[in-house]
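Visitor: I am new to this structure. Please take me close to the ligand and its surroundings, then show me what else can be seen from there.

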Amino acid sequence: MRIVFLGAPGSGKGTQAQRLMLEYGFPQVSTGDLLRTLRKADTPLGRKVKTAMDAGALVSDDIVLEVLRDRLAQPDAQRGFILDGFPRNVAQARALDELLAELKVPVDRVILFDVPNDELVRRISGRRTCRKCNKVFNVFSSPAAAGESCPRGGEHDLEQRPDDTEETVVKRLKVYDEQTRPLVSFYGKRGLLRRIDATGDLDAVTTRLREALARQS
Ligand code: AMP
């Protein structure tokens, strides 16, 4: 199954993708995580990615597509994947169509995570990610990191993402409204879109997500 998670930054796509991949047995493919790895390298490409990410802007489509193409060619993505944070604009959605046509597989479901803007800002300001395993925590809603062991060894090593500052968040929400939101009608017209209420308890959201994935229309 090939699933796209659509939603503003902080809507819980990454957290729910991490939960679902354990259950479904196929990977979460987060272009944000792939780009954060590129960003660390002190190379012209790494610096280009860093500049865009730190400004809350989108990284250019050609760079993102190249990392995505490489990631989807890995053996663990052959049975299916959850795309988290891609596509982010209509050009990327068209490029995804082309890429999947080459691979002779379709997009099966697009899930839209619905969360009001004030809640998004609150969630992003509390977000912390483990440097080692990328698991996402929230100091307000899931402060469980303390004492939990990291699958990569030792305890989780939490950091706040440099693009989670209040100033950058405002920019990222604007980018979402202008460039990503048009994908709601893009996928809606194809009958692939399922909207879920992504507020409230994590387990309740996972339940709604499972139901939405199972729904035929
Ligand atoms: P995320 O982890 O999905 O919130 O993404 C963090 C940042 O990575 C975004 O603000 C963008 O700068 C960049 N990014 C992630 N996915 C994409 C994408 N599909 N296209 C362009 N930029 C992206």
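Guide: The shell around the ligand divides into seven nonpolar, four polar and five charged residues. This is a predicted model. In it, 16 residues surround the ligand. The closest are Thr31, Arg36, Ala57, Gly85 and Gln92. Helix H2, residues 31-39, gives the largest share of the shell, with four residues.

Now look at the polar contacts. Arg36 places a polar side-chain atom 2.9 Å from an oxygen atom of the ligand. Arg161 also brings in its side chain: a polar atom there lies 3.2 Å from a ligand oxygen. Ala57 takes part through its backbone. A polar backbone atom of Ala57 is 2.6 Å from an oxygen atom of the ligand. How much of the ligand does the protein cover? On its own, the ligand has 480 Å² of accessible area, and the protein covers 97% of that.

Leave the ligand and turn to a sheet. Strands of a sheet pair through backbone hydrogen bonds, either parallel or antiparallel. Here the sheet is open, has three strands and runs in the order E6-E5-E7. Its pairing is antiparallel. Strand E6 (136-138) and strand E7 (158-159) are the edge strands. Each of these two pairs on one side only. Strand E5, residues 127-130, is joined to E7 by two bridges, and E5 and E7 run antiparallel. Find Thr129: its bridge partner in E7 is Glu159.

Stay with the sheet and move to Asn138, which lies in strand E6. Is Asn138 buried or exposed? Asn138 counts as buried because its relative accessibility is 9%, and the cut-off for buried is under 20%. The side chain of Asn138 has polar contacts with the backbone at two residues. A polar atom of that side chain lies 2.9 Å from the backbone oxygen of Arg123. The side chain of Asn138 also reaches the backbone nitrogen of Phe140, at 2.8 Å.

One last stop: the aromatic rings. A pair of aromatic rings is described by the distance of the centres and the angle of the planes. Across the whole structure, a search finds three aromatic pairs. Phe186 and Tyr187 form an aromatic pair. Their ring centres are 5.0 Å apart, and the planes meet at 80°. That makes the pair edge-to-face. Phe186 and Tyr187 are both buried.

Key. Residues are numbered from 1 along each chain as its sequence is written. This is a predicted model: local features need pLDDT of at least 70, side-chain atom pairs count only at pLDDT 80 or more; totals for chains, interfaces and linings use all residues. Side-chain values use heavy atoms; hydrogens and water are left out. A residue is near a molecule or strand if one of its heavy atoms lies within 4 Å of it. A polar contact is a pair of N or O atoms within 3.5 Å; within protein, one must be able to donate a hydrogen and the other to accept it, and residues adjacent in sequence count only if both atoms are side-chain atoms. Accessible areas come from the Shrake-Rupley method with a 1.4 Å probe; for residues, only the protein chains shown count as cover. Ala, Val, Leu, Ile, Met, Phe, Trp, Tyr, Cys and Pro count as nonpolar, Asp, Glu, Lys and Arg as charged, and the others, Gly among them, as polar. Rings of Phe, Tyr and Trp (its six-membered ring) pair if their centres lie within 6.5 Å; planes under 30 degrees apart count as stacked, over 60 as edge-to-face and the rest as tilted. Buried means under 20% relative accessible area, exposed over 50%, partly exposed in between (1.4 Å probe, protein chains only). Two strands pair if DSSP finds at least two bridges between them.
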